[in-house]
Every structure is written in structure tokens, then in C-alpha cells.
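Here are a few exercises to work through with the model open beside you. Try each task before you read its solution.

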Amino acid sequence: GCHGADSASPTAVETMQARVVESRQQEVPLNVRSTGTVHARETAVVSAQVMGRIQQVLVREGDSVRAGQTLAVLDDAALRASVEQAQAGVKAAQNAQIAAQTNAALATSTLGRYKQLESQKSVSPQEMDEVSRRAEAAEANFDAVRAQTDAARAQESGARTMLGYTRLVAPFSGVVTARMADPGTMAAPGVPLLQVDQAGALQLQATVDESAIGVVHKGMKVQVAINGAGSTSVAGTIQEIMPAADPASHSFLVKIDLPASSQLRAGMYGTAEFANGVRQAILIPRSAVVMRGSLACVYVIDGKGIAQLRYLTLGALQGDLVEVLSGISSGEKLVDCPSDRDFAGKRIEAKP
């Protein structure tokens with residue numbers, strides 16, 4: 001009388017069909033990551049070499065320029081006057097040189113006639129000495145005037161050079177990336193007016209910590225992900241490693257040549273990965289991961305075929321796979337592509 005005739009029957013477990021995948025231990029690259037910014041291989045900051053008011057700025061940001069193209073023009077009235085003054089000085093020096101040359105030639109011919117007379121005993125030694133000294137003085141005066149003419153020509157050349165500094169030209173073909181002055185502004189030597197980035201392929205300039213600089217070498221191939229270009233990953237080549245570290249950050253600047261691409265722009269942010277051997281890691285397909293808020297989890301199938309929800313700690317992505325730092329071990333079976341369906345406590349029947 002203490003129990004009924006029928007005992008309770010076990011609760012039936014619901015069966016669901018799903019694709020099943022397995023976690024595996026594999027070798028993955030051991031990389032050193034570094035971040036940096038995309039730059040042109042050469043950048044020129046254009047500034048004036050003489051003081052002057054800017055008359056024209058002929059370019060704007062984004063304009064393409066060719067080597068030698070005029071970018072800006074300064075007021076050249078004062079320097080043009082200096083050139084004209086130097087030209088007048090050259091003319092005066094040339095006229096003085098002609099006169100000195102004529103005097104020297106006359107003195108030389110006179111000396112020749114006196115030497116003939118001396119052979120005939122027709123002149124006194126005193127007269128001969130006077131004529132000789134006058135010829136020497138005329139020749140010395142001609143040399144001095146000729147030197148003055150050379151100095152006047154050099155002064156004219158310098159004035160023309162200074163006049164040429166009033167036209168600012170592009171040092172190479174490229175793109176104007178900054179314009180820091182407008183017409184009417186007073187330009188001073190060394191004050192930046194324009195910035196030009198060289199046309200062609202770009203570089204990623206990344207900083208590498210001193211603890212990892214030993215794995216980096218010139219010519220090494222590097223995978224670079226550029227965030228601003230849709231996370232595009234490109235293969236770069238290390239072109240230069242700065243020989244000294246920054247004493248503040250204890251890191252080295254590494255310049256990585258990037259292939260030409262219309263998607264890349266100077267100033268973009270990028271991440272470089274330097275290969276440093278391999279390591280063992282547990283990987284699962286990314287499609288098996290379910291996000292519950294900010295937590296990652298998977299449905300693990302136990303030995304009886306029942307799925308249980310388990311939370312994971314994930315690591316780096318490896319293509320279509322993701323590294324698992326903790327939560328499962330190698331060889332465990334997982335529900336693939338669970339989407340928003342709840343498989344917890346269900347018996348899983350593997351789809352073909």
C-alpha cells in the first residue's frame with residue numbers, strides 16, 4: 001500500500017538536427033604585432049628662402065603636381081631692383097676693363113719701342129725704367145679691373161638666384177597634402193607654406209618594441225592590415241629600420257613598403273604582423289561561436305550526444321577559424337551555425 005503499481009517513466013529528450021564540427025589543435029603563426037600610420041615614401045615641406053609677401057598660391061590640397069611646377073609666387077619687386085643694380089655694376093666694370101686693357105696694351109707697345117731705342121743707345125736708363133714701370137702698373141691695373149668685373153658678375157648671379165627664390169616649385173611629382181598660407185601672407189625663411197607627398201606607392205611607419213626588434217630584418221615580408229581601407233590585408237616589405245630606439249618609448253621605427261593600391265591613403269591607420277615562428281593552439285570554426293551579450297559561447301556535445309552551452313575565452317582570428325584560450329579542449333564536438341536556436345539539453349543528430 002506504500003506505492004502504486006506503475007513507476008514514473010523517464011522524461012523524453014528532444015532531438016534536433018544540426019551540423020557538427022570538432023575543435024582541433026593546430027600550429028598557428030607566432031606573430032609580433034605593431035601599429036603605425038601610412039605615409040608617402042617622401043614628403044617635402046615647402047617654405048620660402050627669402051622674406052616676401054605672397055602674391056599667388058597656385059595649388060590647393062589634393063592637387064597633383066609635377067616636379068618643377070610653380071606652387072606659389074612671392075613679391076619680387078625689391079629683388080628685381082637688386083638684379084638691375086647688379087647688371088649696371090657689371091656694365092660699369094666691363095667698361096672699366098676695356099679702358100684698362102687699352103692702357104695696358106698701349107703701355108706694352110710703348111715699352112717695346114723704348115727697348116729698340118735702348119739698343120741704339122738713344123734713351124737713358126732713367127727713361128727706360130719709367131716706361132717699364134708704367135707698363136707693369138698698367139698690366140696690374142688691368143688684372144685688378146678684371147677681378148672687379150668677375151666680382152660684379154658673381155654679384156649679379158647671386159641677385160638672380162635670390163630672385164629665383166620668389167617662385168616656389170615642387171621638388172618632385174606628387175600630391176599637395178597641406179596648404180598653410182594664402183595670398184597676402186608674409187613669407188619668412190623656414191616657415192612652412194605647403195606640403196607635398198611624393199606620388200607612387202606608400203609606406204607604413206610602425207613602431208616595434210625593443211624586446212621584439214630581434215625578429216625584424218630588412219627585406220622581411222610582413223602582413224599589413226589597413227583599417228581605413230576596409231580592413232584590407234596586403235603583403236609589405238621592410239625597407240628600413242631606424243638604427244636607434246626612441247629613448248622615451250624604447251621602440252624602433254620600422255618603414256614597410258606597401259604595394260600600390262587605389263584604396264590606400266596617407267594618414268590611414270594600419271597593423272603589421274611580423275612572423276616569429278609557430279605555436280600550438282586550439283581552433284574552432286567562427287561559425288560555431290554564439291554571442292550572449294558580450295560573452296562568447298558554444299554548444300558542446302557530450303558523450304551521450306546531448307548539447308550543453310559552454311562559455312569560452314577567445315583569442316586571435318585565423319581566417320575562418322578562431323583560437324580558443326580556455327573553455328574547451330581539442331577533439332570536442334560542437335554544434336555549427338547554431339544561430340538563435342537553443343540547443344542546450346537537446347540530443348543532437350548530426351546532419352550529413
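**Exercise 1.** Decide whether tyrosine 311 is buried, partly exposed or exposed in this predicted model, and find the patch that holds this residue.

*Solution.* Start with the relative accessibility of tyrosine 311, which is 46%. Buried would need a value under 20% and exposed one over 50%, so tyrosine 311 counts as partly exposed. Next, place the residue: tyrosine 311 is found in strand E18. Finally, look at the surface, where Leu295, Leu309 and Tyr311 form a nonpolar patch with about 280 Å² of accessible area together.

**Exercise 2.** Follow strand E18 into strand E19 and describe how E19 is paired.

*Solution.* Strand E18 covers residues 307–318 and runs antiparallel to E19, with 4 bridges between them. In this pairing leucine 314 stands opposite valine 324. The hairpin of E18 and E19 has 2 residues between the strands, and glycine 319 takes a positive phi near 70 degrees there. Now turn to strand E15 (residues 269–285), which is also joined to E19 (residues 321–326) by 4 bridges and runs antiparallel to it. Here isoleucine 284 has valine 322 as its bridge partner.

**Exercise 3.** Work out which strands stand at the edges of the open sheet that contains E8 and E10.

*Solution.* Write down the order first: E3-E10-E8-E5, with antiparallel pairing. Strand E3 (43–47) and strand E5 (64–65) each have a single partner strand, so one side of each is left without a neighbour in the sheet. Then inspect E8 (residues 174–179) and E10 (residues 192–198), which are joined by 5 bridges. Glycine 174 stands opposite glutamine 198 in E10.

**Exercise 4.** For three of the salt bridges, compare the burial of the two partners and locate them in the chain.

*Solution.* The structure holds 13 salt bridges; take these one at a time.

- Aspartate 336 and arginine 19 have their closest N and O atoms 2.3 Å apart. Aspartate 336 lies in strand E20 and arginine 19 in strand E1, so the pair ties together parts that are 317 residues apart in sequence. Aspartate 336 is buried at 6%, whereas arginine 19 is partly exposed at 44%.
- Aspartate 257 and arginine 41 have their closest N and O atoms 3.6 Å apart. Aspartate 257 belongs to strand E14 and arginine 41 to the loop between E2 and E3, so this pair ties together parts that are 216 residues apart in sequence. Aspartate 257 is buried at 17%, and arginine 41 is partly exposed at 39%.
- Aspartate 182 and arginine 179 meet at 2.8 Å, N to O. Here aspartate 182 is partly exposed at 41%, while arginine 179 is buried at 15%.

Key: Residues are numbered from 1 along each chain as its sequence is written. This is a predicted model: local features need pLDDT of at least 70, side-chain atom pairs count only at pLDDT 80 or more; totals for chains, interfaces and linings use all residues. Side-chain values use heavy atoms; hydrogens and water are left out. Two strands pair if DSSP finds at least two bridges between them. Patches are made of residues with over 30% relative accessible area and no salt bridge: like charges are joined within 9 Å, nonpolar side chains (Val, Leu, Ile, Met, Phe, Trp, Tyr) within 5 Å. Accessible areas come from the Shrake-Rupley method with a 1.4 Å probe; for residues, only the protein chains shown count as cover. A salt bridge is a side-chain nitrogen of Lys or Arg within 4 Å of a carboxyl oxygen of Asp or Glu. Buried means under 20% relative accessible area, exposed over 50%, partly exposed in between (1.4 Å probe, protein chains only).
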